[in-house]
Structure formats: C-alpha cells, structure tokens
Amino acid sequence: MPRRLALSLASLLALSAAGCMTARAKPGEEPVLYGLEIQGAHALDADDIASKLATQPSDRWAWQEARRLDADALAVDRKRVEAYYRERGFYDAKVVDVQVRPDGPGRAKVVMRVEEGEPVLVRSVEVSGLDAAPEAKARVGALPIRPGERFTERDYDGARGALLHALRNTGWADAAVTQRAQILPAEHAAEVRYEVTPGTRYRFGPVFVAGTAAVPRDRVREQAGIEIHPGDWFAEDQLAKAQTRVFDLGVFGAVRVTRGAPDPQRAVVPIVVAVREVPFRTLRAGPGVGVQANTRWDVNATVGWSHRNFMGDLRKLHLELRAGYAWLVARPRKEGPIALATAEFSQPGAISRRIDATARLEIERGLEQAYDFWSERLRVGFPVRLATRLTLVPSWNLEVYQLQNAVSTFDPTQPAKQGPELQNCQGSVCLLSYLEQRVGWDGRNDPLNPRRGVWVMLAVQEGFNVGGYGYRYLRFLPEARGFLPLGQKLVLAARARVGALVPVNQSGEPPIVARFTAGGPQSMRGYYTGRLAPMVLRDGDWVPVGGNGLADGSLELRLDLTRTWGAALFVDGGNVSRPSGVPTAYRDVLDPTRLQWAGGLGLRYRTPFGPVRFDVGVQVPTNLAAGVPFDQRFPAVPSVENAGAPIYDKAGNVVGTVPATHREPWIAFHLSIGEAF
C-alpha cells in the first residue's frame, strides 16, 4: 500500500506541475499578470478588496485564462479601492503608491499601497414619524446602524431597508422613508436621521390571475391563497411566498406575483399573479455513468416521460426506466445488469390546499456487496406544505426484496449449503412495511453550494407486520448541517447524524435490508462506501452486514482557490453498532470513545450541476506503541459477526477459523459530484 500511495502522489504532483500556468508575454506586449497585492490594509480584508477590482491575476492552470496587464483598468482600480474604503467609513483612505513589478520574463505583479486613515464613527441616529405606525415600530427591532460604530453605506442603507420592511409587512404598503447623513470629516463623525411617512394602512384585496390557458385560474388563485388572504393586513413578504407556492405546481415556466395599484378609498391592495404555461408532456433520454471511487462503477441509459396535467386538475405522472451494467470492484468483486423502473403519480391539493397525495412504485434489480436483489417498493405519501422552507411528509411504505448471494448467520454443519438463511426474512425474501414521517427545515442560502444557514431533518419509521410477514421496529434518523462563512473565500461546514434501529418484541437480528452502514463520499471518508460496518468473512472476502446504530459527522473547512476551483480540509468521525435483536443495542454508537476518525484533503471543480469532488481520507491511528506493524496501528471495523467460526475449503475440511478483527485500508479515495453535505 505505501508504494502504491507513493506512486499515486507522484503522479498527481506530475500532473499538477504539467498543468501549472506558464504563459508569458512576448517582447513589446503587455506582461501577463501573475500577482496582485494590497499592502497597508489592516482594518479591511485585502483579499476582499482585490476581488472587487478589474485587475486580476491569471489563473494557476494551463487550461485557464492568462490575463495581461491593462494600464487603463489599473488606473480606474486605484479609484475603486478608495471608493471601497469610503463605502466602509474610511473617508481619508488613499492609494499612495501603485507599482508594477517584474515577476520573470514577460510576467508582472501589481502592488498597491494603501493608507487607511481614521474611520468615521456614528455619533447619533434619529428616527422620526415611526410612532404613527406602532405595529411597524414593534417589528423593526434594532437597526443595523448604531451610535459608536463605524459608519458604512451598507448599514446606512440597510437601516432604511429595515424600516421599510417593517412598515410594508404590517399594512403600510405605500410607506416612505427618507434618510440623511451629515459627515463631519474633521471630527471623523456622522449624524444620521430617518424620517418615516407611513401613509394609509392597507389590507389584501382580490387576487387576479393572468396568463393561464389550460390551467384553471381558480386553481392558481387557490394556491396563491395559501399565503395571501384577502382582508388580512398587507404584508409584502407574502408575495414571494405565494410566488413559490404557484411555481411549485410544476406547470409554469415563469411566475410573478406583484401588487396592483392600491385603492386608498377602500384601503385595499389587489394582487396580480402572472404566469406562463409550459408544455405538459416531456420526454427525456440519455446515457449516464456512476462512479464510487474504487468501490463501484456503472454505466446506464435512462428514458423518462412526464405529464404534468394527467387527466386534468394538475395531476402529475412520471415514468422512468434506467438500465445498465455495474462492476463492484472492491472485494467481493461482482458484476451484472442493474435496472430501475419507476412510476410516480401526484395529486396537488388532494386533501386540502396544503396537503397533496403522492404514490411511487419502483422495481429494481441491484447489486450490493452483501447481496444481490430484486425489489418492489411502494410508497404512498401526503406531503404537507407548511411553509416555504419547512417540509412534512408522512407516508406508508411497502418494500419487498428477493435476495441472492446474501450474507447472514452460517450453519457450520452444512458448509456446502448455498445461500444462508436470513434472520427475520422468509427464506430469501425480506419484507418491510412501515409508516414514515419526515420533517425538515432548509435554511441554506444555496442547496448546491451553501455558504451560510442551517439544514435539519428528522426521519422516523414504525415497522409492522403485514399478513404475518415483516418486522416490527422503530427507526430514528435525525441529521443537522450548518454553514458559517469566515470570509469571502472561506466557509466552515459541519454535519452530524445519529441513527437508531429499535426492534419491538422481535427475536433475532433485523433484516439486512433495514440496517445501517457508514463510510463513503457522503459519510465517513476514511472508509469506502458502506465499509464502516460490522462484517462477516465469506469465501475469503470481507462483507459489510450493517448494524442497529449509526453515528457519524464531519467538520470541513472549504476554501475558494479560483472562480472554479476549491479545496477542503476535513475531519470525519463515525461508528456503526452490531446487529442485534436487543432494543438498546444501538446505544453503543452513543459512546464517543468508540468513534473512529479520519482526516483528509479534497479538491472541488464547480459545474452548473454542482462541484465535481475528489477527496482523500486517512484514518487516524489508535495504536502508537512501539513495534506494532504499520497496518495494525489503525482501528478495526466495529465487529466481526462470525468471529471464531470454522473456515472450510472446497472439500469441506476445516482450514482455520474466522479472525476476531479486521481492518480496512487506512486510506480511501473518493470521486463524486456534489458537496459531501
């Protein structure tokens, strides 16, 4: 392994060196710019200042843009820097020197030197006229501009925006706010004043719909009415929420919800919903490739057909078939055809304006490390539209798996027996019937590339028998993610989840299809996909079988290198408990001393579909004693379920026993699309 790792790292370094930018100008041409430095910036961030300028250094890679020095743009940038400082309260700031320094043949570096001076501080903030709108006054709270703080144009304008926001969301649709700031440069002080004119207080009036042809206007009006109630006090924020509700119907290419001209005599504001319909039928087809580092590869083709007004009333029907071939390249190696056929039907507003109905049927042929399978899955759900960012989806689910080459408890007295008998399954057929409730809140600023906000989700399942088949259990899986920007180019991201599978009056281990595993590009990256789990030794290969409890999490520092490239430094932790029929068995994962850890580095290349991600995770060693072989310093998998069992040869002779511990490779490589979380 060390030799293979060294060769891999050498190859990466060689590729990196080959790809580094080597462009340079010819004699008589403007030099290629390779550096931009802002000196003297202490109160403000130099990198942020540089990012706002037209003068930018060339990208680092040969396939990216080589930028030449532009003297005219550089002259304008000098004024941009001073304007940047003025916007942030430094009215005395000046660029005192700009140098273009040689940086090799045909290359140059720009250095700007800044003298910041003393900042202007807010001396006083006065707001008049707000007493005439007491509801708005109660809502506005603390303004972003405060006495004693540095005067910035963002806070100055932001305070006006906060006042208008409070007014226009408590009925004063035509409220006006004028602002005035007196800057006293000699005293480095600012006196700020806002004058509020509330005007007439309005209520929501009638809702008008424009642009519909096949879709009934009443349907659009009903959907907008979830957020806009005629007769309630006018609230501007409800317009955007209503726009999202109408767009979620899925049959419009564009939706715009605006206010009409206010009627002062009746004190109402009419609302206009303008929509643009799109074709209801869609046919799509195309190839695909799936990659899970050195764990799994597959190629497939997909064809799908959708009807967004099936039998009228905005019912949706989606049919899709994906078929291909998969290779499981990690041991145990296997390959074979895979397929997934899906039919999904949904009825908006089936029970009420806020409650839809959905049904999804899947038939799948798949390959997993622990088993091959055919499965049929039925899901009937009732999504509840509570709020724009809040979701609640209760559902009933029925899943039937026909397993082949499955792994469970072996009978040592019958070594030639083909296919073990799975606990709590009927022969090779496993059935799960359960109710599920998913509730989540998405407060992220961007689901593809989040930089701030919080995302939380809780999934709860209650398994029960159907006609003597099935497994009775409770399953909990809460997860939380948080994102905090630490500057223009740096984001701190964190994730944690805990899973518990609790058998209810059952004997024996849960069905293998219901258990937890961990490891992979979206989990603990010191392991490959699904390999952080209890295992069994089968025919010389180590196979993960999962367990009752799951705990994993990540702490990641994300850095923007260029407009398209990024890097990440991460620490992951995780553990999976043993499979068991004991209801409290999952609690083993709550012991922090049992967590396994890994650290690593990653590269990101941003695309319109999300970042292409390459991560390298290295397990943290737990045994540093002298004389221990290198590969024995790292933690073993949580358990070996058939430890001590006889190992037979093809003739049925005992040739050894299954060892009590097993260790996976201490380094893992992951290539995937999308952030880890």
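What share of the contacts in the protein chain between residues at least 6 apart in sequence join residues at least 24 apart? It's 63%, and the legends below go from the whole chain to its cores.

**View 1. The whole chain, a predicted model.** Here you have 7 helices and 30 strands in one protein chain. Along the principal axes, the C-alpha atoms fill a box of roughly 95 × 70 × 45 Å. Of the 677 residues, 43% are buried.

**View 2. The surface and the charges of the protein chain.** The accessible surface adds up to about 33,800 Å², and carbon and sulfur atoms account for 57% of that. As for charges, there are 83 positive and 73 negative ones, and their mean positions sit 2 Å apart.

**View 3. The largest nonpolar core, with 35 residues.** Y371, L403, C430, L432, I512 and V513 have the most contacts inside this core. Several strands give two or more residues to it: strand 17 (390-404), strand 18 (429-442), strand 20 (473-485), strand 22 (535-538) and strand 23 (541-544).

**View 4. Zooming in on Y371 and what it touches.** Leaving out residues up to four places away in sequence, Y371 touches K334, L403, Q404, N405, A406, I512 and V513. Look for L403, I512 and V513 here: like Y371, they are among the residues with the most contacts inside the largest core.

**View 5. Another core, apart from the largest one.** This one has 24 residues. Among them are L239, A242, I271 and V273, which make handy labels for the close-up.

Notes: Residues numbered from 1 in each chain as written. Predicted model: local features only at pLDDT ≥ 70, side-chain atom pairs only at ≥ 80, totals over all residues. Heavy atoms only, no water. Helix = DSSP H or I, 4+ residues; strand = E, 2+ residues; numbered from the N terminus. Buried < 20%, exposed > 50% of the residue type's maximum accessible area, 1.4 Å probe, protein only. Contact = heavy atoms within 4.5 Å. Areas by Shrake-Rupley, 256 points an atom, 1.4 Å probe, with all protein chains shown as cover. Lys, Arg positive; Asp, Glu negative; His and termini not counted. Charge placed at Lys NZ, Arg CZ, Asp CG, Glu CD. Core = buried A, V, L, I, M, F, W, Y, C linked by side-chain atoms within 4.5 Å.
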